[in-house]
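These are my notebook entries on a structure that I had not looked at before. I wrote down what I looked up, in the order in which I looked.

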Amino acid sequence: DQPSESFNMSGSGEFTLPKRTPTHLEGRWVMTKPDDFFGKTYDFDMPFAADVTAAAAGTKLGADGGEPGRAYSAYLAALAKGDLPALRRILGESARWRLPENDENESRQGLKDLRDGKPVSVKILSAVQRGDHAVLRVEGVDRDEIKRAGRVLMAKGENGWGVETDDLGSVD
């Protein structure tokens, strides 16, 4: 119950993983010596055990990433043009708060936020589909001429393929 604050303990304590097989993990994250953080004292001991299942084999998609790759390229093209109606269609439900139709200033800020760190156009290096999800490995250059590369998780929903999340870091 106490303290009620929430914060990141990353980098604190000791993480061990003494049992690791292809089908099972066991370990512990522990900070046995209490430490002071913002005037409060903390310690923790979090043992865990988990069975691991192998990912189902995926289907490799063509050089353009198949349907998910074409949807991602269309998303980037709409971002580059600032095509709010197209982005609202592509983003579906999340467009309601990201690009609200009744607030032009909020939509402009949402567009700016969506563009940050995204390539203007992309080269799809590889793509694998598993059911209604696909992972694209991509590279491209963003609006600030920074080369980006990483992964994009696409998900198929009611409106077709859409971006679930991405992890595009600076190559430099």
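**Entry 1: helix α1.** I began with the buried residues of α1, and I found Gly-66, Pro-68, Gly-69, Ala-71, Tyr-72, Tyr-75, Leu-76, Ala-78 and Leu-79; buried here means under 20% relative accessible area, exposed means over 50%, and partly exposed is what falls in between, with a 1.4 Å probe and protein chains only. I then looked for what covers these buried residues, and the cover includes α2 (84-91), α4 (104-115), β5, β6, β7 and β8. The names follow DSSP runs numbered from the N terminus, with helices being H or I of at least four residues and strands being E of at least two.

I noted that the model is predicted, that local features need pLDDT of at least 70 and side-chain atom pairs pLDDT 80 or more, while totals for chains, interfaces and linings use all residues. Residues are numbered from 1 along each chain as its sequence is written, and side-chain values use heavy atoms, with hydrogens and water left out.

For the length of α1, I recorded 16 residues and a reach of 23 Å from the first C-alpha to the last, close to the 22 Å expected at 1.5 Å a residue; the expected span is 1.5 Å times one less than the number of residues. Helix α1 (residues 66-81) lies across β5 (119-130), β6 (133-142), β7 and β8, and runs at about 160° to β5. Such angles run from 0 to 180 degrees between N-to-C directions, the axes being lines fitted to C-alpha atoms, for helices over the stretch in contact. Just after α1, I found Gly-82 with a positive phi of about 70°.

**Entry 2: the sheet beside the helix.** I traced an open sheet of five strands in the order β4-β5-β6-β7-β8, with antiparallel pairing. Its edge strands are β4 (59-60) and β8 (160-170), each of which pairs on one side only; two strands pair if DSSP finds at least two bridges between them. I counted ten bridges between β7 (residues 147-157) and β8, which run antiparallel, and among the partners I noted Ala-149 with Gly-169 and Gly-157 with Gly-160. The two strands form a hairpin with two residues between them.

In the loop between β6 and β7, I stopped at Glu-145, which has a positive phi of about 65° although it is not a glycine. Most residues other than glycine have a negative phi. Is Glu-145 buried or exposed? Glu-145 counts as exposed, because its relative accessibility is 64%.

**Entry 3: the strands before the helix.** I turned next to β1 (residues 14-21) and β2 (residues 24-37), which run antiparallel and are joined by six bridges, with Lys-19 paired to Glu-26 in β2. These two strands form a hairpin with two residues between them. From β2, eleven bridges lead to the antiparallel strand β3 (residues 40-51), where Met-46 is the bridge partner of Trp-29. The hairpin of β2 and β3 also has two residues between its strands, and there Phe-38 takes a positive phi near 50°.

**Entry 4: two single residues.** I chose Ser-107 in helix α4, and I list it as buried because its relative accessible area is 2%. Beyond its neighbours within four places in sequence, Ser-107 is in contact with Leu-84, Arg-88, Arg-98, Leu-99, Pro-100 and Glu-101, where contact means heavy atoms within 4.5 Å.

Ala-63, in the loop between β4 and α1, is exposed, with a relative accessible area of 73%. I also checked Ala-63 against Thr-53, and the two are ten residues apart in sequence and 29 Å apart in space, C-alpha to C-alpha.

**Entry 5: the whole chain.** I closed with the totals, starting from four helices and eight strands, which follow the pattern β-β-β-β-α-α-α-α-β-β-β-β along the sequence. How does the radius of gyration stand against that of a compact globule of 172 residues? The chain has 21 Å, whereas such a globule would have a value near 16 Å; the radius is taken over C-alpha atoms, and the globule rule is 2.2 Å times the number of residues to the power 0.38. The C-alpha atoms fill a box of roughly 55 × 40 × 35 Å along the principal axes, and 26% of the 172 residues count as buried.
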